[in-house]
Amino acid sequence: MITVLLSGGVDSAVVLHMVVERYGKDNLLAVSFDYDQPHKKELECAERLCNRYGVKWKCLSLRDVFAVSPSGLLDPNADLKKFSNAVVKNRNFIFLAAASGFSETIFIGSNKDDYSDFQDCRPESFASLAFALQVEIKSPLSQLKKADVLSLAKKFNLPLDELLTCYRGVSCGECASCLLLSEACDD
(Lines give C-alpha, C1' and ligand atoms only; values in the text may rest on other atoms or scores of the structure.)
Protein backbone atom coordinates (compact mmCIF):
# COMPACT_ATOMS: atom_id res chain seq x y z
CA MET A 1 0.00 0.00 0.00
CA ILE A 2 1.20 3.48 -0.90
CA THR A 3 0.05 6.36 1.28
CA VAL A 4 0.06 10.07 0.51
CA LEU A 5 -0.24 12.47 3.43
CA LEU A 6 -2.78 14.95 2.10
CA SER A 7 -3.44 18.25 3.84
CA GLY A 8 -5.59 19.82 1.15
CA GLY A 9 -2.92 22.39 0.32
CA VAL A 10 -0.98 22.85 -2.89
CA ASP A 11 2.14 20.87 -1.90
CA SER A 12 0.35 17.66 -0.97
CA ALA A 13 -2.03 18.05 -3.94
CA VAL A 14 0.96 18.12 -6.31
CA VAL A 15 2.37 15.01 -4.64
CA LEU A 16 -0.97 13.22 -4.91
CA HIS A 17 -1.09 14.00 -8.63
CA MET A 18 2.48 12.74 -9.11
CA VAL A 19 1.78 9.51 -7.24
CA VAL A 20 -1.47 8.80 -9.11
CA GLU A 21 0.32 9.41 -12.42
CA ARG A 22 3.19 7.10 -11.54
CA TYR A 23 1.52 4.32 -9.55
CA GLY A 24 -2.19 4.57 -10.34
CA LYS A 25 -4.94 4.79 -7.75
CA ASP A 26 -5.72 1.16 -6.99
CA ASN A 27 -3.10 0.56 -4.30
CA LEU A 28 -3.17 4.14 -3.01
CA LEU A 29 -4.59 5.69 0.14
CA ALA A 30 -4.61 9.41 0.87
CA VAL A 31 -4.59 10.22 4.58
CA SER A 32 -5.43 13.49 6.28
CA PHE A 33 -5.36 14.28 9.97
CA ASP A 34 -7.75 16.20 12.17
CA TYR A 35 -5.55 17.51 14.96
CA ASP A 36 -7.98 20.22 16.00
CA GLN A 37 -6.35 22.71 13.65
CA PRO A 38 -8.21 25.96 12.98
CA HIS A 39 -7.81 25.44 9.24
CA LYS A 40 -10.09 22.38 9.03
CA LYS A 41 -11.30 23.62 5.67
CA GLU A 42 -8.15 21.96 4.28
CA LEU A 43 -9.71 18.61 5.19
CA GLU A 44 -12.69 19.38 2.96
CA CYS A 45 -10.28 20.31 0.18
CA ALA A 46 -8.42 17.03 0.65
CA GLU A 47 -11.62 15.01 0.44
CA ARG A 48 -12.75 16.84 -2.72
CA LEU A 49 -9.36 16.27 -4.32
CA CYS A 50 -9.55 12.54 -3.59
CA ASN A 51 -13.03 12.39 -5.07
CA ARG A 52 -11.71 14.14 -8.19
CA TYR A 53 -8.94 11.55 -8.59
CA GLY A 54 -11.01 8.59 -7.43
CA VAL A 55 -8.54 7.89 -4.63
CA LYS A 56 -9.51 6.24 -1.35
CA TRP A 57 -9.33 8.81 1.49
CA LYS A 58 -9.26 8.56 5.27
CA CYS A 59 -9.23 11.33 7.82
CA LEU A 60 -7.72 10.19 11.10
CA SER A 61 -8.28 11.98 14.38
CA LEU A 62 -5.23 13.04 16.34
CA ARG A 63 -7.05 15.72 18.31
CA ASP A 64 -5.73 14.70 21.71
CA VAL A 65 -2.11 14.36 20.62
CA PHE A 66 -1.43 18.10 20.48
CA ALA A 67 -3.88 19.22 23.19
CA VAL A 68 -1.30 19.04 25.99
CA SER A 69 1.24 21.35 24.38
CA PRO A 70 -0.43 23.33 21.60
CA SER A 71 1.59 25.54 19.30
CA GLY A 72 0.79 28.92 17.83
CA LEU A 73 -0.82 27.22 14.86
CA LEU A 74 -3.46 25.81 17.19
CA ASP A 75 -4.01 29.14 18.94
CA PRO A 76 -6.58 31.26 17.08
CA ASN A 77 -5.01 34.44 18.53
CA ALA A 78 -1.39 33.68 17.62
CA ASP A 79 0.61 35.88 15.27
CA LEU A 80 1.14 33.56 12.32
CA LYS A 81 3.08 36.00 10.17
CA LYS A 82 6.26 34.06 11.04
CA PHE A 83 6.61 30.37 10.28
CA SER A 84 8.33 29.87 13.63
CA ASN A 85 5.05 30.76 15.37
CA ALA A 86 3.22 28.10 13.35
CA VAL A 87 5.41 25.15 14.28
CA VAL A 88 3.49 22.23 15.72
CA LYS A 89 6.39 20.30 17.20
CA ASN A 90 6.92 16.96 15.45
CA ARG A 91 3.56 17.16 13.66
CA ASN A 92 4.86 15.52 10.49
CA PHE A 93 6.72 12.86 12.47
CA ILE A 94 3.49 11.99 14.25
CA PHE A 95 1.58 11.90 10.95
CA LEU A 96 4.24 9.67 9.39
CA ALA A 97 4.32 7.38 12.41
CA ALA A 98 0.53 7.03 12.29
CA ALA A 99 0.61 6.21 8.57
CA SER A 100 3.44 3.71 9.04
CA GLY A 101 1.01 1.40 10.79
CA PHE A 102 -0.68 0.53 7.50
CA SER A 103 1.74 1.49 4.75
CA GLU A 104 5.21 0.54 3.58
CA THR A 105 5.71 3.66 1.45
CA ILE A 106 4.58 7.12 2.50
CA PHE A 107 4.73 10.28 0.40
CA ILE A 108 4.80 13.73 2.00
CA GLY A 109 4.62 17.15 0.34
CA SER A 110 7.29 19.09 2.15
CA ASN A 111 9.35 21.47 0.04
CA LYS A 112 12.61 23.38 0.28
CA ASP A 113 10.92 26.44 1.80
CA ASP A 114 9.83 24.29 4.77
CA TYR A 115 13.40 23.32 5.59
CA SER A 116 14.53 26.20 7.80
CA ASP A 117 11.53 26.43 10.12
CA PHE A 118 10.26 22.88 10.28
CA GLN A 119 12.78 20.28 11.44
CA ASP A 120 10.32 17.49 10.66
CA CYS A 121 10.33 18.49 6.97
CA ARG A 122 14.02 17.90 6.34
CA PRO A 123 15.28 15.02 4.17
CA GLU A 124 17.78 13.91 6.82
CA SER A 125 14.98 13.83 9.41
CA PHE A 126 12.86 11.71 7.06
CA ALA A 127 15.78 9.31 6.59
CA SER A 128 16.17 8.81 10.34
CA LEU A 129 12.44 8.38 10.87
CA ALA A 130 12.14 5.96 7.94
CA PHE A 131 14.86 3.84 9.53
CA ALA A 132 13.14 3.91 12.92
CA LEU A 133 9.68 3.13 11.50
CA GLN A 134 10.96 0.64 8.91
CA VAL A 135 9.10 2.36 6.08
CA GLU A 136 10.06 4.26 2.96
CA ILE A 137 9.37 8.00 3.21
CA LYS A 138 9.41 9.89 -0.06
CA SER A 139 9.41 13.65 -0.34
CA PRO A 140 9.54 14.41 -4.07
CA LEU A 141 9.27 18.18 -3.58
CA SER A 142 12.09 18.49 -1.06
CA GLN A 143 14.45 20.20 -3.52
CA LEU A 144 11.79 22.57 -4.89
CA LYS A 145 10.84 26.03 -3.68
CA LYS A 146 7.16 26.97 -3.36
CA ALA A 147 7.25 28.80 -6.71
CA ASP A 148 8.41 25.57 -8.39
CA VAL A 149 5.65 23.60 -6.67
CA LEU A 150 3.09 26.16 -7.81
CA SER A 151 4.39 25.84 -11.38
CA LEU A 152 3.87 22.09 -11.18
CA ALA A 153 0.35 22.58 -9.82
CA LYS A 154 -0.47 24.75 -12.83
CA LYS A 155 1.18 22.30 -15.23
CA PHE A 156 -0.92 19.48 -13.73
CA ASN A 157 -4.07 21.63 -14.02
CA LEU A 158 -4.80 21.27 -10.32
CA PRO A 159 -7.86 23.17 -9.12
CA LEU A 160 -5.95 25.87 -7.21
CA ASP A 161 -9.19 27.58 -6.24
CA GLU A 162 -10.26 24.33 -4.50
CA LEU A 163 -7.06 23.98 -2.46
CA LEU A 164 -6.26 25.79 0.75
CA THR A 165 -2.82 26.80 1.93
CA CYS A 166 -3.60 29.09 4.84
CA TYR A 167 -2.92 28.68 8.56
CA ARG A 168 -6.20 30.41 9.36
CA GLY A 169 -8.26 28.40 6.87
CA VAL A 170 -9.69 31.42 5.09
CA SER A 171 -6.98 32.49 2.61
CA CYS A 172 -6.26 35.41 4.95
CA GLY A 173 -3.37 36.77 2.89
CA GLU A 174 -1.51 37.62 6.09
CA CYS A 175 -0.18 34.41 7.64
CA ALA A 176 3.25 33.09 6.70
CA SER A 177 1.75 30.37 4.52
CA CYS A 178 -0.39 32.81 2.51
CA LEU A 179 2.51 35.23 2.17
CA LEU A 180 4.80 32.48 0.85
CA LEU A 181 2.15 31.37 -1.65
CA SER A 182 1.62 34.95 -2.77
CA GLU A 183 5.37 35.40 -3.19
CA ALA A 184 5.48 32.18 -5.24
CA CYS A 185 2.68 33.49 -7.46
CA ASP A 186 4.74 36.63 -8.15
CA ASP A 187 7.79 34.61 -9.26
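In this predicted model, the largest pocket holds about 180 Å³ of space. Its lining is made up of Val10, Leu150, Leu160, Leu163, Leu164, Thr165, Ser171, Gly173, Cys178, Leu181, Ser182 and Cys185. By class, 8 of the lining residues are nonpolar and 4 are polar, while no charged residue takes part. Helix α6, which spans residues 176-186, supplies the largest share of the lining, with 4 residues. Among the lining residues that fall within this helix are Leu181 and Cys185.

Helix α6 also packs against helix α5, which covers residues 146-155. The axes of the two helices lie 8 Å apart, and the angle between them is about 70°. Angles of 65 to 115 degrees count as roughly perpendicular, and α5 and α6 are therefore described as roughly perpendicular to each other. The crossing of α5 past α6 is right-handed. On the side of α5, the contact is formed by Lys146, Ala147 and Leu150; on the side of α6, it is formed by Leu180, Leu181, Ala184 and Cys185. Of the residues in this contact, 6 are nonpolar and 1 is charged, with no polar residue present. The charged residue is Lys146 of α5. Leu150, Leu181 and Cys185 take part in this contact and are also found in the lining of the largest pocket.

A second pair of packed helices consists of α3, residues 91-99, and α4, residues 123-133. Here the axes are 11 Å apart and meet at an angle of about 30°. Angles under 35 degrees count as roughly parallel, and α3 and α4 are therefore placed in that class, running roughly parallel to each other. As α3 passes α4, the crossing is right-handed. The contact involves Phe93, Leu96 and Ala97 from α3, together with Ser125, Phe126, Leu129 and Leu133 from α4. This contact contains 6 nonpolar residues and 1 polar residue, and no charged residue. The polar residue is Ser125 of α4.

Taken together, the two helix pairs are both right-handed in their crossings. The pair α3 and α4 is roughly parallel, whereas the pair α5 and α6 is roughly perpendicular.

Key: Residues numbered from 1 in each chain as written. Predicted model: local features only at pLDDT ≥ 70, side-chain atom pairs only at ≥ 80, totals over all residues. Heavy atoms only, no water. Axes fitted to C-alpha atoms, helices over the stretch in contact; angles between N-to-C directions. Parallel < 35°, antiparallel > 145°, perpendicular 65-115°, else oblique. Left-handed = near helix turned anticlockwise from the far one by under 90°. Contact = heavy atoms within 4.5 Å. 1 Å grid on protein atoms, 1.4 Å probe; cavity = no way out; pocket = protein on both sides within 12 Å on 5 of 7 lines; lining within 4 Å. Points joined across faces, edges and corners; volume = space filled by probe spheres on them.
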